[in-house]
Amino acid sequence: GAVCGACLAAPPEIDGMRAAVAYGEIARSLALKLKYGGRPGVARTLALQMRRLVEGEESALLVPVPLHAQRLRERGYNQSLELARRLAPAIGLRIDAAALARARATAAQSELDAAARRRNVRDAFVADPARVRDRHIALIDDVATTAATAHECARALKLAGARDVSVYVIARAPARHD
């Protein structure tokens, strides 16, 4: 229940974040296989670890972080949607992959510092009010490093009327102050 100083100074858009594991070598290896290794089947194993995080969210709507159409064509699948597809039937929740869209292409976040990541994803997402208004959203993503993407997705979802947004990820990187 503790809130860090940075969050007190600038309250986040997300209402909570839970990660299955801390980001380390094993989590990194699996996340990279899922995201860049052409191995969408890895989502099954990772979703098993995430399941306990999302259980009890009976009223939530699962919304995966969307990819831009160009990146989706390159990769062949959306890793966040693959995770959501494995989670939904296991816990009895509905997925709405059309609730949130990527409005524009963005650079890969991996080589950017925290400030550049926030700028990179600013206004990159748009949510459909008809799908999210007054809903509790369980936003599904792979890894949270600075959480810039999660915050921007939550901002778009709340602008469209979402009641609250909780974020669920495979792994959370330790906080960096850059």
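The following dialogue goes through a predicted model and the terms used to describe it.

Student: What makes the protein count as compact or extended for its length?
Tutor: The comparison is with the globule rule, which gives 16 Å for 178 residues; the radius of gyration here is 15 Å, close to that value, so the protein is as compact as a globular protein of that length. Along the principal axes, the C-alpha atoms fill a box of roughly 40 × 35 × 35 Å. The chain forms eight helices and seven strands.

Student: How do you know what share of the contacts joins residues 24 or more positions apart?
Tutor: Take the contacts in the protein with a separation of 6 or more; residues 24 or more positions apart account for 81% of them.

Student: Why is Arg51 called partly exposed?
Tutor: Buried means under 20% relative accessible area and exposed means over 50%. Arg51 has 32% relative accessibility, so it falls in between and counts as partly exposed.

Student: Where is Arg51, and which residues is it in contact with beyond its neighbours within four places in sequence?
Tutor: Arg51 is in helix H3, residues 42–54. Apart from those neighbours, it contacts Leu87, Ala90 and Ile91. The C-alpha atom of Tyr168, 117 residues away along the chain, is 9.6 Å from that of Arg51.

Student: What makes a group of residues a nonpolar core?
Tutor: Its members are buried residues of the nonpolar set, joined through side-chain atoms within 4.5 Å. The largest such core here has 26 residues, and Leu100, Phe125, Val132, Ile137, Leu139 and Leu157 touch the most other members. Strands E2 (60–64), E5 (125–127), E6 (136–144) and E7 (164–172) and helix H8 (148–159) each supply at least two residues of this core. H8 gives the largest share, six residues. A second, separate core has 24 residues, including Ala20, Val42, Leu53 and Ile91.

Student: Which residues does Leu100 contact, leaving aside neighbours within four places in sequence?
Tutor: Leu100 contacts Val63, Pro66, Phe125, Val126, Ala127, Leu139, Cys153, Ala156 and Leu157.

Student: Why might one look for such cores at all?
Tutor: Because nonpolar side chains tend to be buried together in soluble globular proteins.

Student: How much of the protein is buried, and what does it expose?
Tutor: Of the 178 residues, 44% count as buried. The protein exposes about 9,100 Å², with carbon and sulfur atoms supplying 51% of that area.

Student: How far apart are the mean positions of the positive and negative charges?
Tutor: There are 28 positive and 19 negative charges, and their mean positions are 4 Å apart.

Notes: Residues are numbered from 1 along each chain as its sequence is written. This is a predicted model: local features need pLDDT of at least 70, side-chain atom pairs count only at pLDDT 80 or more; totals for chains, interfaces and linings use all residues. Side-chain values use heavy atoms; hydrogens and water are left out. Buried means under 20% relative accessible area, exposed over 50%, partly exposed in between (1.4 Å probe, protein chains only). Contact means heavy atoms within 4.5 Å. The radius of gyration is taken over C-alpha atoms; the globule rule is 2.2 Å times the number of residues to the power 0.38. Accessible areas come from the Shrake-Rupley method with a 1.4 Å probe; for residues, only the protein chains shown count as cover. Lys and Arg count as positive and Asp and Glu as negative; His and the chain ends are not counted. The place of a charge is taken as NZ of Lys, CZ of Arg, CG of Asp or CD of Glu.
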